[in-house]
Amino acid sequence: MLDIAIIGAGPAGLLTALRLHQAGYRPTIYESVQELRPLGVGVDIKVYGTKEIEEIGLLDEFRALSVDAEDSIFFNAHGQEIYAEKCGVHMGYLNEQRFVHRGRLQMLFLRTVLERLGADAVKADTRVTGYSQDDDRVTLQIQHGDGTTEEVSHDAVIAADGINSAVRRQMRPESSTPHYSGITMWRGVTVHPPFLNGRTILHIGDPRVSSMIIYPIQDDVDGNGNQLINWVVEYERDETVEDWNQQGTVDEILPLYDTVELPFLDVQQLMRDAREVYLFPLIRHDPLDDWVDGRVVLLGDAAHAMYPRGGNGISQALVDAHVIVDQLVAHPDDPHAAFTAYDAIRREPVNRIVMNMRGEGYEVIRRMVAERTDGRPFDDIETVLPLAEADAIFSKYHALVGAPRPGRDAGEATGYRTWAAPKAPAS
(Lines give C-alpha, C1' and ligand atoms only; values in the text may rest on other atoms or scores of the structure.)
Protein backbone atom coordinates (compact mmCIF):
# COMPACT_ATOMS: atom_id res chain seq x y z
CA MET A 1 0.00 0.00 0.00
CA LEU A 2 1.43 3.37 -1.05
CA ASP A 3 2.61 5.82 1.60
CA ILE A 4 0.82 9.02 0.55
CA ALA A 5 1.26 12.59 1.82
CA ILE A 6 -1.44 15.23 1.54
CA ILE A 7 -0.40 18.87 1.74
CA GLY A 8 -3.12 21.05 3.27
CA ALA A 9 -5.82 20.36 5.85
CA GLY A 10 -8.55 22.41 4.23
CA PRO A 11 -11.83 20.72 3.29
CA ALA A 12 -10.31 19.31 0.08
CA GLY A 13 -7.27 17.77 1.76
CA LEU A 14 -9.26 16.37 4.67
CA LEU A 15 -11.92 14.78 2.48
CA THR A 16 -9.19 13.29 0.29
CA ALA A 17 -7.73 11.71 3.44
CA LEU A 18 -11.12 10.25 4.32
CA ARG A 19 -11.54 8.88 0.80
CA LEU A 20 -8.07 7.33 0.94
CA HIS A 21 -8.85 5.80 4.34
CA GLN A 22 -11.98 4.20 2.87
CA ALA A 23 -9.75 2.57 0.26
CA GLY A 24 -7.32 1.20 2.86
CA TYR A 25 -4.66 3.94 2.85
CA ARG A 26 -3.39 5.86 5.87
CA PRO A 27 -2.14 9.17 4.51
CA THR A 28 -0.20 11.83 6.40
CA ILE A 29 -1.50 15.40 6.20
CA TYR A 30 0.86 18.37 6.49
CA GLU A 31 -0.74 21.68 7.51
CA SER A 32 1.09 25.00 7.89
CA VAL A 33 -1.35 26.47 10.45
CA GLN A 34 -0.46 25.85 14.08
CA GLU A 35 -4.08 25.40 15.16
CA LEU A 36 -6.98 24.77 12.81
CA ARG A 37 -9.98 26.91 13.71
CA PRO A 38 -13.42 27.33 12.10
CA LEU A 39 -12.55 30.42 10.06
CA GLY A 40 -14.25 31.76 6.95
CA VAL A 41 -17.84 32.41 5.99
CA GLY A 42 -20.49 30.59 3.97
CA VAL A 43 -20.20 28.07 1.16
CA ASP A 44 -22.89 26.60 -1.05
CA ILE A 45 -22.44 22.84 -1.39
CA LYS A 46 -24.03 21.70 -4.64
CA VAL A 47 -25.85 18.38 -5.08
CA TYR A 48 -22.77 16.60 -6.38
CA GLY A 49 -20.76 17.86 -3.40
CA THR A 50 -23.36 16.57 -0.93
CA LYS A 51 -23.15 13.20 -2.69
CA GLU A 52 -19.43 13.05 -1.89
CA ILE A 53 -20.09 13.88 1.78
CA GLU A 54 -22.77 11.19 1.96
CA GLU A 55 -20.39 8.61 0.50
CA ILE A 56 -17.87 9.14 3.31
CA GLY A 57 -20.65 8.52 5.84
CA LEU A 58 -21.12 12.07 7.11
CA LEU A 59 -24.50 13.09 5.68
CA ASP A 60 -26.33 13.21 9.02
CA GLU A 61 -23.56 15.23 10.67
CA PHE A 62 -23.44 17.56 7.67
CA ARG A 63 -27.21 18.09 7.81
CA ALA A 64 -26.97 18.97 11.50
CA LEU A 65 -24.62 21.90 10.89
CA SER A 66 -25.99 23.20 7.57
CA VAL A 67 -29.19 24.53 5.98
CA ASP A 68 -31.18 22.76 3.26
CA ALA A 69 -31.37 24.88 0.10
CA GLU A 70 -34.87 25.00 -1.36
CA ASP A 71 -35.21 28.16 -3.49
CA SER A 72 -32.87 30.38 -5.50
CA ILE A 73 -34.37 33.76 -6.51
CA PHE A 74 -32.91 36.52 -8.70
CA PHE A 75 -33.77 40.23 -8.39
CA ASN A 76 -32.80 43.39 -10.22
CA ALA A 77 -31.39 46.49 -8.49
CA HIS A 78 -34.93 47.61 -7.61
CA GLY A 79 -35.93 44.40 -5.85
CA GLN A 80 -38.07 43.13 -8.73
CA GLU A 81 -38.03 39.40 -9.24
CA ILE A 82 -36.44 38.17 -12.46
CA TYR A 83 -36.36 34.39 -12.12
CA ALA A 84 -36.42 31.57 -9.57
CA GLU A 85 -35.57 27.90 -9.44
CA LYS A 86 -35.80 25.12 -6.91
CA CYS A 87 -32.62 23.64 -5.44
CA GLY A 88 -31.43 20.13 -4.71
CA VAL A 89 -34.05 17.50 -3.93
CA HIS A 90 -36.76 20.16 -4.30
CA MET A 91 -35.93 20.29 -8.02
CA GLY A 92 -35.76 16.53 -8.32
CA TYR A 93 -32.07 15.78 -7.78
CA LEU A 94 -31.24 12.70 -5.74
CA ASN A 95 -29.03 14.72 -3.38
CA GLU A 96 -29.53 17.89 -1.37
CA GLN A 97 -27.95 21.26 -1.96
CA ARG A 98 -26.94 22.74 1.39
CA PHE A 99 -25.58 26.02 2.77
CA VAL A 100 -22.92 25.82 5.47
CA HIS A 101 -20.20 27.78 7.25
CA ARG A 102 -16.93 26.71 5.63
CA GLY A 103 -15.10 26.55 8.96
CA ARG A 104 -17.72 24.32 10.56
CA LEU A 105 -17.58 21.94 7.61
CA GLN A 106 -13.79 21.85 7.83
CA MET A 107 -13.97 21.07 11.57
CA LEU A 108 -16.38 18.18 10.86
CA PHE A 109 -13.91 16.73 8.36
CA LEU A 110 -10.99 17.30 10.77
CA ARG A 111 -12.72 15.54 13.70
CA THR A 112 -13.56 12.61 11.45
CA VAL A 113 -9.98 12.34 10.14
CA LEU A 114 -8.62 12.28 13.69
CA GLU A 115 -11.20 9.67 14.74
CA ARG A 116 -10.64 7.38 11.77
CA LEU A 117 -6.94 7.83 11.02
CA GLY A 118 -5.61 8.66 14.48
CA ALA A 119 -4.44 11.74 16.34
CA ASP A 120 -1.10 11.81 14.52
CA ALA A 121 -2.63 11.89 11.03
CA VAL A 122 -2.42 15.70 10.81
CA LYS A 123 0.98 17.35 11.26
CA ALA A 124 0.14 20.96 12.17
CA ASP A 125 2.53 23.93 12.16
CA THR A 126 4.38 22.15 9.34
CA ARG A 127 4.82 24.10 6.11
CA VAL A 128 5.84 22.31 2.92
CA THR A 129 8.11 24.68 0.99
CA GLY A 130 9.13 22.44 -1.91
CA TYR A 131 9.83 18.94 -3.13
CA SER A 132 12.23 16.74 -5.07
CA GLN A 133 11.74 13.21 -6.36
CA ASP A 134 13.30 10.21 -7.99
CA ASP A 135 11.76 7.12 -9.60
CA ASP A 136 10.62 5.71 -6.25
CA ARG A 137 9.98 8.47 -3.70
CA VAL A 138 9.11 12.14 -3.21
CA THR A 139 11.07 14.18 -0.67
CA LEU A 140 9.29 17.16 0.89
CA GLN A 141 11.13 20.14 2.33
CA ILE A 142 9.48 21.05 5.64
CA GLN A 143 9.68 24.21 7.72
CA HIS A 144 8.25 24.05 11.24
CA GLY A 145 6.75 26.92 13.15
CA ASP A 146 9.75 27.08 15.47
CA GLY A 147 12.04 27.73 12.51
CA THR A 148 13.54 24.25 12.28
CA THR A 149 13.58 22.38 8.98
CA GLU A 150 13.59 18.76 7.91
CA GLU A 151 13.00 16.50 4.93
CA VAL A 152 10.40 13.72 4.81
CA SER A 153 9.87 11.08 2.16
CA HIS A 154 6.70 9.49 0.75
CA ASP A 155 5.72 7.28 -2.18
CA ALA A 156 3.39 9.95 -3.57
CA VAL A 157 2.16 13.47 -2.77
CA ILE A 158 -1.26 15.08 -3.25
CA ALA A 159 -0.99 18.87 -3.01
CA ALA A 160 -4.21 20.41 -1.72
CA ASP A 161 -2.45 23.50 -0.39
CA GLY A 162 -4.89 26.04 -1.79
CA ILE A 163 -4.76 29.17 -3.92
CA ASN A 164 -1.22 30.05 -2.80
CA SER A 165 0.09 26.53 -3.34
CA ALA A 166 3.85 26.20 -2.93
CA VAL A 167 3.74 22.97 -4.92
CA ARG A 168 1.95 24.65 -7.81
CA ARG A 169 4.56 27.44 -7.82
CA GLN A 170 7.36 24.89 -8.14
CA MET A 171 5.55 22.63 -10.58
CA ARG A 172 4.20 25.33 -12.90
CA PRO A 173 6.11 28.56 -12.18
CA GLU A 174 5.07 30.08 -15.50
CA SER A 175 1.38 29.86 -14.46
CA SER A 176 1.65 30.82 -10.80
CA THR A 177 1.46 34.62 -11.01
CA PRO A 178 -2.13 35.65 -10.19
CA HIS A 179 -3.84 38.67 -11.74
CA TYR A 180 -6.28 40.97 -9.97
CA SER A 181 -9.65 41.04 -11.73
CA GLY A 182 -10.53 44.56 -10.58
CA ILE A 183 -13.34 43.19 -8.38
CA THR A 184 -13.33 42.86 -4.60
CA MET A 185 -15.78 40.78 -2.57
CA TRP A 186 -17.14 41.89 0.79
CA ARG A 187 -18.11 38.74 2.68
CA GLY A 188 -20.06 39.01 5.92
CA VAL A 189 -22.29 37.08 8.32
CA THR A 190 -25.22 38.50 10.27
CA VAL A 191 -27.46 37.00 12.96
CA HIS A 192 -30.97 37.61 11.65
CA PRO A 193 -34.49 36.13 11.74
CA PRO A 194 -35.16 33.69 8.86
CA PHE A 195 -36.45 35.37 5.68
CA LEU A 196 -39.00 33.78 3.36
CA ASN A 197 -38.93 30.02 4.09
CA GLY A 198 -35.50 30.16 5.77
CA ARG A 199 -34.01 28.04 2.98
CA THR A 200 -33.58 30.58 0.15
CA ILE A 201 -30.59 32.08 -1.61
CA LEU A 202 -31.05 35.59 -3.05
CA HIS A 203 -29.16 37.08 -6.02
CA ILE A 204 -29.60 40.87 -6.13
CA GLY A 205 -28.49 43.86 -8.16
CA ASP A 206 -27.24 45.13 -11.49
CA PRO A 207 -23.91 43.29 -11.93
CA ARG A 208 -22.62 46.14 -14.11
CA VAL A 209 -22.49 48.10 -10.83
CA SER A 210 -22.52 45.58 -7.99
CA SER A 211 -23.87 42.15 -7.15
CA MET A 212 -25.12 40.72 -3.85
CA ILE A 213 -25.74 37.11 -2.77
CA ILE A 214 -27.50 36.24 0.51
CA TYR A 215 -28.22 32.86 2.08
CA PRO A 216 -28.52 31.26 5.54
CA ILE A 217 -25.74 28.97 6.75
CA GLN A 218 -26.84 27.97 10.27
CA ASP A 219 -30.23 27.52 11.91
CA ASP A 220 -31.06 28.76 15.43
CA VAL A 221 -27.58 30.18 15.87
CA ASP A 222 -28.44 31.95 19.14
CA GLY A 223 -31.11 29.73 20.71
CA ASN A 224 -33.77 32.30 19.79
CA GLY A 225 -34.62 30.98 16.33
CA ASN A 226 -32.35 33.37 14.43
CA GLN A 227 -30.19 32.16 11.58
CA LEU A 228 -26.62 33.03 10.68
CA ILE A 229 -27.00 34.75 7.30
CA ASN A 230 -24.09 34.81 4.88
CA TRP A 231 -23.90 37.69 2.41
CA VAL A 232 -21.44 38.59 -0.36
CA VAL A 233 -21.12 41.84 -2.32
CA GLU A 234 -18.97 42.27 -5.44
CA TYR A 235 -17.75 45.73 -6.40
CA GLU A 236 -14.88 47.14 -8.46
CA ARG A 237 -12.11 48.47 -6.26
CA ASP A 238 -8.37 49.15 -6.27
CA GLU A 239 -7.19 46.08 -4.39
CA THR A 240 -4.36 43.63 -4.89
CA VAL A 241 -3.88 41.52 -1.75
CA GLU A 242 -5.25 37.98 -1.94
CA ASP A 243 -6.11 37.29 1.66
CA TRP A 244 -9.28 35.73 3.09
CA ASN A 245 -8.60 37.33 6.48
CA GLN A 246 -8.65 41.04 5.55
CA GLN A 247 -11.27 42.68 7.71
CA GLY A 248 -13.35 45.53 6.29
CA THR A 249 -16.42 47.71 6.79
CA VAL A 250 -19.65 48.11 4.84
CA ASP A 251 -19.47 51.91 4.48
CA GLU A 252 -18.28 51.76 0.89
CA ILE A 253 -20.95 49.35 -0.33
CA LEU A 254 -24.10 50.46 1.52
CA PRO A 255 -25.02 53.18 -1.04
CA LEU A 256 -24.92 50.62 -3.86
CA TYR A 257 -28.18 49.16 -2.55
CA ASP A 258 -30.20 52.33 -1.96
CA THR A 259 -32.74 51.31 -4.63
CA VAL A 260 -33.30 47.72 -3.49
CA GLU A 261 -36.73 47.28 -1.90
CA LEU A 262 -37.60 43.75 -0.87
CA PRO A 263 -40.82 43.25 1.12
CA PHE A 264 -39.20 40.62 3.34
CA LEU A 265 -35.62 41.87 3.94
CA ASP A 266 -33.76 45.15 4.44
CA VAL A 267 -30.44 44.32 2.77
CA GLN A 268 -28.69 47.49 3.96
CA GLN A 269 -29.61 46.78 7.58
CA LEU A 270 -28.41 43.21 7.10
CA MET A 271 -25.00 44.57 6.15
CA ARG A 272 -24.94 47.13 8.99
CA ASP A 273 -25.66 44.37 11.52
CA ALA A 274 -22.83 42.11 10.33
CA ARG A 275 -20.99 40.19 13.00
CA GLU A 276 -17.84 40.21 10.87
CA VAL A 277 -16.87 41.48 7.41
CA TYR A 278 -13.96 40.29 5.27
CA LEU A 279 -12.54 41.61 2.01
CA PHE A 280 -11.36 39.22 -0.66
CA PRO A 281 -10.10 40.42 -4.04
CA LEU A 282 -11.09 38.24 -6.98
CA ILE A 283 -7.82 36.97 -8.38
CA ARG A 284 -7.50 35.21 -11.72
CA HIS A 285 -5.30 32.12 -11.72
CA ASP A 286 -4.51 30.79 -15.17
CA PRO A 287 -5.89 27.29 -15.85
CA LEU A 288 -3.08 24.74 -16.07
CA ASP A 289 -2.49 22.32 -18.92
CA ASP A 290 -1.10 19.65 -16.58
CA TRP A 291 -1.64 18.87 -12.88
CA VAL A 292 0.97 16.12 -12.59
CA ASP A 293 4.72 16.02 -12.03
CA GLY A 294 5.83 12.42 -11.63
CA ARG A 295 4.60 11.25 -8.23
CA VAL A 296 3.20 14.67 -7.30
CA VAL A 297 -0.27 15.92 -8.23
CA LEU A 298 -2.42 19.02 -7.60
CA LEU A 299 -5.98 18.90 -6.23
CA GLY A 300 -8.68 21.47 -5.41
CA ASP A 301 -7.76 25.16 -5.47
CA ALA A 302 -4.08 24.29 -5.99
CA ALA A 303 -5.10 22.77 -9.33
CA HIS A 304 -8.04 24.90 -10.39
CA ALA A 305 -8.54 28.02 -8.29
CA MET A 306 -11.76 29.63 -9.46
CA TYR A 307 -13.82 32.64 -8.54
CA PRO A 308 -15.95 31.83 -5.48
CA ARG A 309 -19.16 32.04 -7.49
CA GLY A 310 -21.89 29.47 -7.83
CA GLY A 311 -20.56 27.19 -5.08
CA ASN A 312 -18.42 25.15 -7.45
CA GLY A 313 -14.90 25.58 -6.08
CA ILE A 314 -15.28 23.48 -2.94
CA SER A 315 -17.75 21.06 -4.53
CA GLN A 316 -15.42 20.36 -7.46
CA ALA A 317 -12.57 19.73 -5.00
CA LEU A 318 -14.68 17.06 -3.29
CA VAL A 319 -15.16 15.36 -6.66
CA ASP A 320 -11.39 15.58 -7.25
CA ALA A 321 -10.86 13.51 -4.09
CA HIS A 322 -13.22 10.80 -5.27
CA VAL A 323 -11.65 10.51 -8.72
CA ILE A 324 -8.04 10.54 -7.54
CA VAL A 325 -8.67 7.75 -5.03
CA ASP A 326 -10.52 5.68 -7.64
CA GLN A 327 -7.47 5.96 -9.89
CA LEU A 328 -5.05 5.05 -7.10
CA VAL A 329 -7.11 1.93 -6.48
CA ALA A 330 -7.03 1.14 -10.20
CA HIS A 331 -3.22 1.66 -10.34
CA PRO A 332 -2.11 0.48 -6.87
CA ASP A 333 1.61 0.31 -7.65
CA ASP A 334 1.95 3.25 -10.03
CA PRO A 335 1.00 6.65 -8.57
CA HIS A 336 2.14 8.46 -11.71
CA ALA A 337 -0.28 6.41 -13.83
CA ALA A 338 -3.05 7.04 -11.30
CA PHE A 339 -2.41 10.77 -11.23
CA THR A 340 -2.21 10.98 -15.02
CA ALA A 341 -5.56 9.20 -15.33
CA TYR A 342 -7.09 11.57 -12.76
CA ASP A 343 -5.73 14.54 -14.71
CA ALA A 344 -7.23 13.19 -17.93
CA ILE A 345 -10.65 12.80 -16.34
CA ARG A 346 -10.85 16.03 -14.38
CA ARG A 347 -8.69 18.80 -15.82
CA GLU A 348 -10.44 19.82 -19.02
CA PRO A 349 -14.02 19.86 -17.65
CA VAL A 350 -12.93 21.71 -14.50
CA ASN A 351 -10.95 24.26 -16.51
CA ARG A 352 -14.13 24.99 -18.47
CA ILE A 353 -15.88 25.75 -15.17
CA VAL A 354 -12.98 28.00 -14.11
CA MET A 355 -13.36 30.07 -17.28
CA ASN A 356 -17.15 30.16 -16.97
CA MET A 357 -16.88 31.47 -13.40
CA ARG A 358 -14.67 34.30 -14.64
CA GLY A 359 -17.73 35.44 -16.50
CA GLU A 360 -21.08 35.63 -14.80
CA GLY A 361 -22.32 32.05 -14.97
CA TYR A 362 -26.07 32.02 -14.56
CA GLU A 363 -25.87 35.48 -12.96
CA VAL A 364 -25.77 36.77 -16.54
CA ILE A 365 -29.57 37.02 -16.46
CA ARG A 366 -29.39 40.00 -14.10
CA ARG A 367 -27.04 41.82 -16.45
CA MET A 368 -29.29 40.98 -19.42
CA VAL A 369 -32.29 42.49 -17.63
CA ALA A 370 -30.31 45.59 -16.61
CA GLU A 371 -29.15 46.14 -20.18
CA ARG A 372 -32.59 45.57 -21.69
CA THR A 373 -34.23 48.00 -19.26
CA ASP A 374 -31.33 50.49 -19.10
CA GLY A 375 -31.21 49.81 -15.36
CA ARG A 376 -34.76 51.00 -14.76
CA PRO A 377 -37.69 49.12 -13.20
CA PHE A 378 -39.76 47.03 -15.59
CA ASP A 379 -43.53 46.60 -15.95
CA ASP A 380 -43.56 42.94 -17.02
CA ILE A 381 -40.51 40.71 -16.74
CA GLU A 382 -41.85 38.36 -19.40
CA THR A 383 -41.44 41.08 -22.01
CA VAL A 384 -37.85 41.72 -20.83
CA LEU A 385 -36.54 38.20 -20.20
CA PRO A 386 -39.05 35.47 -21.10
CA LEU A 387 -39.10 32.56 -18.68
CA ALA A 388 -38.17 30.12 -21.46
CA GLU A 389 -35.03 32.11 -22.34
CA ALA A 390 -33.88 32.28 -18.72
CA ASP A 391 -34.64 28.60 -18.25
CA ALA A 392 -32.44 27.65 -21.19
CA ILE A 393 -29.51 29.62 -19.71
CA PHE A 394 -29.82 27.81 -16.40
CA SER A 395 -30.14 24.38 -17.99
CA LYS A 396 -26.91 24.95 -19.93
CA TYR A 397 -25.09 26.09 -16.77
CA HIS A 398 -26.16 23.11 -14.66
CA ALA A 399 -25.04 20.73 -17.40
CA LEU A 400 -21.66 22.50 -17.57
CA VAL A 401 -20.87 21.80 -13.91
CA GLY A 402 -21.90 18.15 -14.18
CA ALA A 403 -25.40 18.34 -12.69
CA PRO A 404 -27.93 18.39 -15.57
CA ARG A 405 -31.36 19.46 -14.42
CA PRO A 406 -33.79 16.59 -13.76
CA GLY A 407 -36.59 16.41 -16.31
CA ARG A 408 -34.84 18.33 -19.06
CA ASP A 409 -34.75 15.32 -21.38
CA ALA A 410 -38.52 15.54 -21.53
CA GLY A 411 -38.41 19.24 -22.30
CA GLU A 412 -39.74 20.17 -18.89
CA ALA A 413 -39.20 23.77 -17.74
CA THR A 414 -37.78 23.85 -14.23
CA GLY A 415 -37.51 27.59 -13.58
CA TYR A 416 -40.43 29.63 -12.28
CA ARG A 417 -41.47 32.96 -10.82
CA THR A 418 -42.71 33.03 -7.27
CA TRP A 419 -45.06 35.99 -7.52
CA ALA A 420 -46.07 38.78 -9.88
CA ALA A 421 -43.17 41.16 -10.25
CA PRO A 422 -43.80 44.65 -8.78
CA LYS A 423 -44.89 47.22 -11.31
CA ALA A 424 -42.64 50.13 -12.11
CA PRO A 425 -43.30 53.24 -9.99
CA ALA A 426 -45.82 55.63 -11.53
CA SER A 427 -43.24 58.39 -11.58
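**Salt bridges, cores and cavities: a chat**

Visitor: I clicked on R367. Is it buried, exposed or partly exposed?
Guide: R367 counts as partly exposed, because its relative accessibility is 24%, and the cut-offs are under 20% for buried and over 50% for exposed. Keep in mind that this is a predicted model.

Visitor: Which residue does R367 form a salt bridge with?
Guide: The partner is E371, and the closest N and O atoms of the two are 2.9 Å apart. Both residues sit in helix α10, which covers residues 364-373. They are 4 residues apart, about one turn of the helix.

Visitor: And how does E371 count, buried or partly exposed?
Guide: E371 counts as partly exposed, with a relative accessibility of 41%.

Visitor: Which residues are joined into one network by salt bridges that share partners?
Guide: That network is made of R19, K51, E52 and E55. One pair to look at is K51 with E55, where the closest N and O atoms are 2.7 Å apart. These two are in helix α2, again about one turn apart, at 4 residues. K51 has 33% relative accessibility, so it counts as partly exposed. E55 is partly exposed too, at 31%.

Visitor: OK, what about D71, which residue is its salt bridge partner?
Guide: D71 pairs with K86, with 2.9 Å between the closest N and O atoms. D71 belongs to strand β5 (residues 71-75) and K86 to strand β6, so the pair ties together parts that are 15 residues apart in sequence.

Visitor: Which of those counts as buried, and which as partly exposed?
Guide: D71 is buried, with a relative accessible area of 7%. K86 counts as partly exposed, at 26%.

Visitor: How many salt bridges does the count come to?
Guide: The count comes to 24 salt bridges.

Visitor: Changing topic: which residues touch the most other members of the largest nonpolar core?
Guide: Those are F109, L140 and I158, in a core of 92 residues. Helix α8, residues 312-330, gives the most to this core, with 9 residues. There's also a second, separate core of 25 residues, and its members include A84, I204, V250 and V267.

Visitor: Can we stay with I158? What is it in contact with, leaving aside its neighbours within four places in sequence?
Guide: Several of its contacts are far back in the numbering you see, among them I4, A5, I6 and I7. I158 is also in contact with T16, L20, V297, L299, I324, L328 and F339.

Visitor: Now holes. How many cavities of 30 Å³ or more turn up?
Guide: The search of the whole structure finds 2. The largest has a volume of about 150 Å³.

Visitor: Which residues are closest to the centre of that one?
Guide: Out of 19 lining residues, K46, E85, Y93, Q97 and H398 are the closest to its centre. The elements giving two or more residues to that lining are α2 (47-55), β6 (81-86), β14 (200-204) and α12 (387-400). By class, the lining has 10 nonpolar, 5 polar and 4 charged residues.

Visitor: And the second largest cavity, what volume does it have, and what lines it?
Guide: Its volume is about 50 Å³. The residues lining the second largest cavity include N76, A77, H78, D206 and R366. By class, its lining divides into 3 nonpolar, 4 polar and 3 charged residues.

Methods. Residues numbered from 1 in each chain as written. Predicted model: local features only at pLDDT ≥ 70, side-chain atom pairs only at ≥ 80, totals over all residues. Heavy atoms only, no water. Core = buried A, V, L, I, M, F, W, Y, C linked by side-chain atoms within 4.5 Å. Buried < 20%, exposed > 50% of the residue type's maximum accessible area, 1.4 Å probe, protein only. Contact = heavy atoms within 4.5 Å. 1 Å grid on protein atoms, 1.4 Å probe; cavity = no way out; pocket = protein on both sides within 12 Å on 5 of 7 lines; lining within 4 Å. Points joined across faces, edges and corners; volume = space filled by probe spheres on them. Nonpolar A, V, L, I, M, F, W, Y, C, P; charged D, E, K, R; others polar. Salt bridge = Lys/Arg side-chain N within 4 Å of Asp/Glu carboxyl O.
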